Amino acid sequence: AVVSTQSTGGEECIRYIRVGNALHKTAVLSGLTALGVSAVRAGWCVPFGGVSLACAAAYHFSWQHDPACKYQVDTAGHYLHRIPLEQLTSPEPVILVRRDDTVRKKLHNTVACAAAVLLVYQLTSLLKR
């Protein structure tokens, strides 16, 4: 775990990690939505697939290779009790926990690729009409 007691640096790091998390979740959820709605109405998957592809691309080029993407903010305070109190200089420290994100990246990439394939298929079908 990494502990930041500086309020400005800690808050900036939290925002940075949350933006990466938001891109990841948006890519996965919009990709799953595109795959799900394609069974109901084929044309509806195009905007969701586009959003998934755009977010996955932004995550890949901006966050995936950054070491910060391996960390998550410990908002529940699970790791706070492991830190000696004399080392804390702030009443509200920011605790970052390193997490293995291999499964997360595989899910993210698989869903985004499936949504991209569906998007290309739907766009070519629409253009042929």
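**Group meeting talk: a walk through the fold**

Buried residues make up 33% of the 129 residues in this protein. Before I go on, please keep in mind that what you have in front of you is a predicted model.

Okay, let's start with the overall layout. How many helices and strands are there? The protein has 3 helices and 3 strands. If you follow the chain along its sequence, the pattern reads β-α-α-β-β-α. Now for how the chain meets itself. Take the contacts between residues at least 6 apart in sequence: 77% of those join residues at least 24 apart. I'll show you a few pairs like that later on.

First, the inside. What is in the largest nonpolar core? That core has 8 residues, and they are Leu23, Ala27, Cys55, Ala56, Tyr59, Trp63, Cys69 and Ala112. Helices H1 and H2 each supply at least two residues of this core. The largest share comes from H2, with 3 residues. If you want to find H2 on your screen, look at residues 45-62.

Next, the empty space. Rolling a probe the size of a water molecule over the atoms shows where empty space is left. Here, how many cavities of 30 Å³ or more come out of the count? Just 1 cavity. The space inside the largest cavity is about 50 Å³.

So who sits around that space? The lining of the largest cavity is made by Tyr16, Ile17, Gly20, Asn21, Tyr59, Trp63, Ala68, Cys69, Tyr71, Gln72 and Arg104. Sort those lining residues by character and you get 7 nonpolar, 3 polar and 1 charged. Two elements each give at least two residues to the lining: helix H1, which spans 7-37, and strand S2, which spans 71-73. Of these, H1 gives the most, with 4 residues.

Let me stop on one residue you have now heard twice, Cys69. It belongs to the largest nonpolar core, and Cys69 also lines the largest cavity. Is Cys69 buried or exposed? Cys69 counts as buried because its relative accessibility is 7%, and the cut-off for buried is under 20%. Leaving aside neighbours within four places in sequence, Cys69 is in contact with Tyr59, Trp63, Gln64, Asp101 and Lys105.

While we're on cysteines, have a look at Cys45 as well. At 1% relative accessibility, Cys45 is buried too. And how many disulfides does the structure hold? The number is 0.

Back to one of the partners of Cys69, namely Asp101. Where is Asp101? You'll find it in the loop between strand S3, residues 94-98, and helix H3, residues 102-128. Asp101 is buried, with a relative accessible area of 5%. Not counting residues up to four places away in sequence, Asp101 touches Cys69 and Lys70.

Now slide along into helix H3 and stop at Gln122. Gln122 is buried, with a relative accessible area of 7%. Which residues does Gln122 touch, once we skip those up to four places away in sequence? The answer is Ala42, Gly43, Cys45 and Val46. Gly43 is in the loop between H1 and H2. Gly43 itself is partly exposed, at a relative accessible area of 38%. Here is one of those long-range pairs I promised: Gly43 and Ser125 are 82 residues apart along the chain, and their C-alpha atoms are separated by 9.6 Å.

Last stop is helix H1, where Thr26 is found. Thr26 counts as partly exposed, at 34% relative accessibility. Not counting residues up to four places away in sequence, Thr26 touches Gly31, Val51 and Cys55. Cys55, by the way, is one of the core residues from earlier. Thr26 also gives us another pair: Thr26 and His108 are 82 residues apart in sequence and 9.8 Å apart in space, C-alpha to C-alpha.

Ala22 lies in helix H1 as well. At 39% relative accessibility, Ala22 is partly exposed. From C-alpha to C-alpha, Ala22 and Tyr59 are 9.5 Å apart, with their places 37 residues apart in sequence as the separation. And Tyr59 has come up before: it is in the largest nonpolar core, and Tyr59 is part of the cavity lining too.

That's my tour, so over to you for questions.

Technical notes: Residues are numbered from 1 along each chain as its sequence is written. This is a predicted model: local features need pLDDT of at least 70, side-chain atom pairs count only at pLDDT 80 or more; totals for chains, interfaces and linings use all residues. Side-chain values use heavy atoms; hydrogens and water are left out. A disulfide is a pair of cysteine sulfur atoms within 2.5 Å. Buried means under 20% relative accessible area, exposed over 50%, partly exposed in between (1.4 Å probe, protein chains only). On a 1 Å grid over the protein atoms alone, a cavity is a set of points where a 1.4 Å probe fits but cannot get out, and a pocket is an open set with protein on both sides within 12 Å along at least five of seven lines; lining residues have an atom within 4 Å of a point. Grid points are joined across faces, edges and corners, and a volume is the space filled by probe spheres set on the points. Ala, Val, Leu, Ile, Met, Phe, Trp, Tyr, Cys and Pro count as nonpolar, Asp, Glu, Lys and Arg as charged, and the others, Gly among them, as polar. A nonpolar core is a set of buried Ala, Val, Leu, Ile, Met, Phe, Trp, Tyr and Cys residues joined through side-chain atoms within 4.5 Å. Contact means heavy atoms within 4.5 Å.
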